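Ready for a short tour? Open your viewer, keep the selection tool at hand, and follow along one stop at a time.

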Amino acid sequence: MLERNLARRAPTVSPLVSESSVTVTPLDPQGRLAFRIKPAALAGRGTIDGFDLSGAINSRTSSEEGATMRTALRLGPDEWMLITAADEVDERCEAISAALTGVAHSLVDVSHRDVSFSVEGPGADSVVNSGCPIDLSMRAFPAGSATRTILGKAEIVLQRRAADSFTVTTWRSFAPYVQGFLVEATRG
Amino acid sequence: MSQPFRRPSGGRIDRSRPLAVTFNGKQLEGFAGDTVASMLIASGQHLAGRSFKYHRPRGILSHGSDEPSALLSVDWRADRGAGYRDPNNRASVVEARDGLVVNTQNHWPSLETDVGAVNDLLSPIFVAGFYYKTFMWPRKFWDRVYEPVIRKAAGLGEAPEVRDADRYSNRHAHCDVLIVGAGPAGLAAALAASADGEKRVILADEGFEPGGALLNDVTSEIDGKPAMAWVAETVATLDARENVVILPRTTAFGYYNHNHVCMVERVSDHRADAPEGLARERLWQVRAGEVVLAAGSHERPLVFENNDRPGIMLAESVRAFVNRWAVLPGNELVVVTSSASAYRTALDAKAAGMRVSIVDIRLDADCGTELSLARDGGITVRTGHTVIKALGGKRVTGLVVAPISANGSIGEKTTLACDCVAMSGGWTPSVHLFSQSRGKLRFDVELDAFVPGTSAQAERSAGACRGVYDLSAVIADGAKAGGGSSTPQATVSFAGFQPVRVLPTDADATKIKAFIDFQNDVTAKDIKLAVREGFESIEHVKRYTTTGMATDQGKTSNMNALGLVAGILDRPLPAVGTTTFRPPYTPVTFGALIGPARDELFDPVRRTPIDPWAEKNGAVFEPVALWRRAKYFPQAGEDMHAAVARETKAVRTTVGIFDASTLGKIEVIGPDAAEFMNRIYTNAWLKLKTGGCRYGLMLREDGFVYDDGVVARLAEDRFHVTTTTGGAPRVMRHMEDYLQTEWPDLDVFLTSITEQWAVIALQGPNARKVLEPFVSEIDLAEDAFPHMTVKTGYVCGVPCRLFRVSFTGELGFEVNVPADYGEAVWKTLYEKGQKHGITPYGTEAMHVLRAEMGFIVVGQETDGTVTADDLGLSGLVSKVKTDFVGKRSLTRPDMVAEGRRQLVGLLTKNPDEVLDEGAQVVDDPGQPIPMKMIGHVTSSYASSNCGRSIAMAMIDGGRTRIGETVFVTTPAGFTEAVISNAVFYDVKGETVDA
């Protein structure tokens, strides 16, 4: 039998060169869990396994970095995207499931489904707005926001980490298009 | 060419920055701040093109975006090669810069000598509606003579022949207040709206300098300062406010729902120093909380014989050229007017050194203070006069004028020699954007104009675009629209006009050309003819005569046409109606609309994790929905037929490997998951055991087949659903729709996992042998892992959902591994499978293999009107379930009627003949046309395993007609085929029957 590490994870996209002040960088693989639960079933739980679920719809809560990172994107009334380190998925799944024994919920590993890019630098909001119609002013979409939206002809999940710092996540087969679209947009 | 008509000083041009433009091969000189139109006038050149239909010489009518005549082909970057030219640019808005190459249009062999001008003499046959009247017969002439000739003559300008070499970009933006137009009203609105620093304000103007009509104004004062000083101060204040974005060269061309306004910004056309790669234009899609329209107004031409001669211009445009661009449009000016505003032109032109006289249609008593001002200034004013006609050909040389008596008769004619005419028939508010916003127009008799009535969106109009013309009032109106107030003291404007449709004349009205629509060459007599022939609604007149249908959307012509029709019919003007204004306000390049959506960015091309391997191994691809899939893997010298024959043979004799990653996959989880599946699919799910798979059929509400696929039960509360490749998004939506709207009580959640898993299908008698060495924690033995079951474990050391399923009839496995591992696992299986002759196969072989077994493909055998029973799948429709989506519809009479089209096989008499998919089937090819068609071919292939061609077809009552002969259309006629069962191949190995 072959060892698991013989089959290395293959990147979906390679970095593209751009001379703009805004950089578009493919991010390393992360653990991603699509988590669904009806608010009533949460029964007041504010956090589960360290993931803070108390944020408003279209917000992002995050604690720590690296191996113990726990980020929760609240994308809908009963929908979160939980983000953790790539090699923590099984542990997190077990812990969350254990915490919700007997409670109706859905937890699906989608780590390989999605690909993320960081879009950073002065004017990053304009680059995203080249294909994303939502209001990205700091008033309407402050740091700590996250939402499902579109970029050109692709569906994305958009997070704002800081004024000039976004994370764009899309399904892997849309990643080359999203990357090309963003890099083209950095040309102004 | 030098600049003989440039004034020695003044104007809003930068004389320290001279520049040159190539016009019809000659050099035009000018300065920064010029337009091509002002450079032409500086050089003394008024002839700027030939008209659309009659090829009449045409000059420059206006100084703005309403210009109908001076349309030029412009090569914006001739130095960079082909791909930078576009036609029909209005000379009046093309900002001059070094290196532009412009050419006039619609003439041969030259602008000066144009053979097409013969049309002007032949014009009696080119009357309104001549297409409908002239080319009726003989019938055969249409294809060979009329149409080619009309096509050659039609159109204006030459479409670009090569691909547009420029870049275009797109930008979404949001603001609290969007202001369209940076004239006095727009500036005042912006100033007021942006006083609150929390409010985001965008101010857009189509021109390259803010100020609107004040740019042409050298006499008005605002609060004791020259008007342009007020503009400069206001712009400086706005510039200093961080909450304001000022966009010059930006035309708001479309106003859509929810205050979504589309604007195009010209980014680089005006820049000689534009770096390569800088976008040419940027499309702004603005969502505004509120919109202030401050779009100004358009001046109306006067309608008299030969009113289109070069040198005849709108009065305000003459003022603009004299003041803003410091060029004289001639030496000898006659101002013809029914409007007070034109007197300002006369006074300014005189001050600039032109010899000026005025012909006013109005009587003394109807004029205001402007009359005495002009007379006191030494200008001869002929009131109560009409213009009979203009003289001259390629340039106006005189005007024949005459007094009109009280009874309307024409008095003694006088010829006024001139080389320039400034005409004004009053003003029309620019209500285009308001009308596009679905606002309701109201006719104001006092203003003789349609003005904004009831708004449909959060929008306000301010200033001249709603008929407010006096400068103080315009500024106050703008400030109010911006949410503030202002009561400036400004010079009183000359305002007011007497509506006049066609100037009185004693000439035979059927013999003269007095133009209403300059761009489409529509004359007053065309309109009269249309009315005489019974067209009374302006919408009908418009379509019959084409008035107002040119690219200028009738900005200068609409009110004259409307007024003329109303006058002939003797009806109030609103009773004739007004035309609907549609986007775009001015022409927009395709590039701006398309933005970056070209080439790789035209549409996402979805590739599977195994795509790189397929590409490296010579796959030929085909698009399936947005995916590209390997269709077949040709070896040296093979065509598709040979490759597919080899691939299908390998699957039946040893083993094939297939990339099935594009199959839609949905994880359905929750305590009610089984109940949900039971309601969505036609067959029964409650009793499916964990670890079992089942083929599911899904109907729409109307009972027709919607999608199909294999579903695995991974746990009591967890299903792994597969869908067709193309159906994945719609099945997800269908399921989510029912969950959210019909069954919110069910505790079920859906997650798309299509792209989480790469799927590798191993199919063929040796599939197990290839897979076995790499599998752990799964027993592959037949009794431990029978057909239609699923197990989780590891393949090549990575987590795997392993399905034992088959879409070929052979022993088969579908290996699901997390997508990032897909290519590595594929390569491993492929390399180690070499000893079994493992053969990669593509979608074409997959189709042939499933057709050999009679397996359907949704979307190929089905077309949205096919039931489960039509497909012979009624066994999959539960008779005991109380309900499922589509169940009720299955009892409708037509769904159970005799003779419905049913799926059968077709075997051609000649086994080598492959039918066309989509070919029609008839019983008797000898019957008269139209024949009765009894069905059509849905799938058709050459099958190497069957040793002959095979086809599937939907035939009326097909299952009762097995063995009968029918006829199928071919490109050459008909061919014979026999109706058969739709299973063509008998599998020899392990059975896969569920």
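How many residues does the contact take from chain A, and how many from chain B? Keep in mind that this is a predicted model. Select both sides of the contact: you should pick up 39 residues from chain A and 42 residues from chain B.

Stay with the chain A side for a moment. Color β2 (31–36), β8 (106–109), α3 (124–129) and α4 (175–185) of chain A, since each supplies at least two residues to the side that touches chain B. Which of these gives the most? It is α4(A), with 4 residues. Now color the chain A side by class: you will find 17 nonpolar, 10 polar and 12 charged residues on the side that touches chain B.

Next, move to chain B and select strand β34, residues 664–669. Is this strand mostly covered or mostly open? It is mostly covered, with 6 of its 6 residues buried. Turn the strand to look at its two faces: B:Gly664, B:Ile666 and B:Val668 lie on one side, while B:Lys665, B:Glu667 and B:Ile669 lie on the other. Both faces are covered.

Now add the partners of β34(B). Select strand β37 of chain B, residues 718–723, which pairs with β34(B) in the antiparallel sense over 6 bridges. To see one pairing, click B:Val668 and find its bridge partner, B:Phe719, in β37(B).

For the last stop, select strand β38 of chain B, residues 749–752. This strand also runs antiparallel to β34(B), and 4 bridges join the two. Here, look for B:Ile669, which stands opposite B:Phe749 in β38(B).

Notes. Residues are numbered from 1 along each chain as its sequence is written. Chains are lettered from A and ligands numbered from 1 in the order in which they are written. This is a predicted model: local features need pLDDT of at least 70, side-chain atom pairs count only at pLDDT 80 or more; totals for chains, interfaces and linings use all residues. Two residues are in contact if their C-beta atoms, placed from the backbone, lie within 7 Å. Ala, Val, Leu, Ile, Met, Phe, Trp, Tyr, Cys and Pro count as nonpolar, Asp, Glu, Lys and Arg as charged, and the others, Gly among them, as polar. A residue is buried if 20 or more other C-beta atoms lie within 10 Å of its own, exposed if 12 or fewer, and partly exposed in between; C-beta atoms are placed from the backbone. Two strands pair if DSSP finds at least two bridges between them.
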